[in-house]
Amino acid sequence: MQTALRISGRKRQRGFVLLTVLWMSLGLLLAASTYLATQRQAALSTRAEVETTRAVELARSAVNVALADLGRIREDDSRSMRDGSPTTIIMAEGQATYRIWDEGGKLDINHAPQQLLGSALRLLGEDSGIDAFDAVTIAQALIIQRDGTQELPFNTPLPQLLSDLGLPQEVALRARQILTTYNGTNKLNPRTASPTLLAAVPGLGATDVATIVERRRAGLSMPHLGSATTWLSGTEGPFYTIEARSTLQSGVSVEVIATVLSLGVSFRGGKMRYEILGMEILR
């Protein structure tokens, strides 16, 4: 009888030890799985950071190519349009597309009249639910804030300013293609203004806009613009915006937006000089 009790006690003890070992093994397995998952996540984060850095450098390279494009001042030089037309370059790690915008072809919010500003905002946001009433309201708020500002231009970044006044964020970002604080006048350069902005100019119809775009791409002189000449002039620069978007073969994409000022041709090197006023990286 005592022998049977001893055997039973040993079995229970062995079962308890086995159960303890199993629980410890399970704990170790869970700890190892957690560690491996953490390391894998860290590796993925590091890889993503490296890919993003490579994409940023590729976009910066495209900005440098765009600056070289801006430096082509001879008539026989091949250069891109200054109206935001895309130019794509293929590089070893992927491809990049840059656009050059002449700030003289944009509407300066520091000088634009309410009528023209409201029309531009309406055309810009018509596919995002911005009707004529909303556009005029935002234009009025912008004019009121502008007239109450002692120091021009506005210190607030343009997209943030428009977003604060009620323009949807996506539309506010796209507004940089037609609005600026660097033009310095209430006139537009018809050779570089976007078709959307040209359509907002009083006196220009759809046919006139199409004719202007067609003739400037062909390098021809501007047509007779009639009463629209009140808002149009042929001045380009000296401020430009460069938008460069890079896409790696892995699919990672980054956009770099640079605002540059032309300083004129260097007497020594005979090349155009530029000062980068600001650079923004959008991921």
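Which residues does I242 touch, not counting residues up to four places away in sequence? The close-ups below, all taken from a predicted model, start with that residue and then move on to strands, salt bridges and a helix pair.

**View 1. The surroundings of I242 in strand β5.**
Let's begin with the answer: I242 touches V63, A66, L67, L70, R99, I100, V256, I257, A258 and V260, leaving aside residues up to four places away in sequence. With a relative accessibility of 0%, I242 counts as buried. One of its contacts makes a nice illustration of how the chain folds back: A66 and I242 are 176 residues apart in sequence, yet their C-alpha atoms are 7.1 Å apart in space.

**View 2. Strand β2 and its pairing with β1 and β5.**
Here β2 is the strand to follow. On one pairing, β2 runs antiparallel to β1, and 5 bridges join the two. A hairpin of 2 residues connects β1 to β2, and T87 stands opposite Y98 of β2. β2 also pairs with β5, again in the antiparallel sense, over 9 bridges. Look for I100 in this pairing: its bridge partner in β5 is I242, the residue featured in View 1. Of the 9 residues of β2, 7 are buried, so the strand is largely enclosed by the rest of the structure.

**View 3. A salt bridge between E93 and R54.**
Side chains of opposite charge can pair when their charged atoms come close. In this view the side chains of E93 and R54 do so, with an N to O distance of 3.5 Å. The bridge links distant parts of the chain: E93 sits in the loop between β1 (87–91) and β2 (94–102), while R54 belongs to helix α1 (residues 2–70), 39 residues apart. Both partners are partly exposed, E93 at 35% relative accessibility and R54 at 31%. If you widen the view, you can add E51, since salt bridges with shared partners join E51, R54 and E93 into one network.

**View 4. Two further salt bridges, E103 with K106 and E255 with R245.**
A search of the whole structure finds 9 salt bridges, and these are two of them. The side chains of E103 and K106 meet at 2.8 Å, N to O. Are these two residues buried or exposed? E103 counts as buried at 2% relative accessibility, and K106 is likewise buried at 3%; the cut-off for buried is under 20%.
The side chains of E255 and R245 meet at 3.0 Å, N to O. Because E255 lies in strand β6 (residues 253–265) and R245 in strand β5 (residues 239–248), this bridge ties together parts that are 10 residues apart in sequence. E255 is buried, with a relative accessible area of 14%, whereas R245 is partly exposed at 39%.

**View 5. The crossing of helices α2 and α3.**
Two packed helices are described by the angle between their axes and the distance between the axes. For helix α2 (residues 114–125) and helix α3 (residues 132–147), the axes come within 8 Å and cross at roughly 130°. That angle makes α2 oblique to α3. The crossing of α2 and α3 is right-handed. To find the contact on screen, display Q114, L117, G118, L121 and R122 from α2, which meet A132, A135, V136, I138, A139, Q140, L142 and I143 from α3.

Notes
Residues numbered from 1 in each chain as written. Predicted model: local features only at pLDDT ≥ 70, side-chain atom pairs only at ≥ 80, totals over all residues. Heavy atoms only, no water. Salt bridge = Lys/Arg side-chain N within 4 Å of Asp/Glu carboxyl O. Helix = DSSP H or I, 4+ residues; strand = E, 2+ residues; numbered from the N terminus. Buried < 20%, exposed > 50% of the residue type's maximum accessible area, 1.4 Å probe, protein only. Pairing = 2+ DSSP bridges. Axes fitted to C-alpha atoms, helices over the stretch in contact; angles between N-to-C directions. Parallel < 35°, antiparallel > 145°, perpendicular 65-115°, else oblique. Left-handed = near helix turned anticlockwise from the far one by under 90°. Contact = heavy atoms within 4.5 Å.
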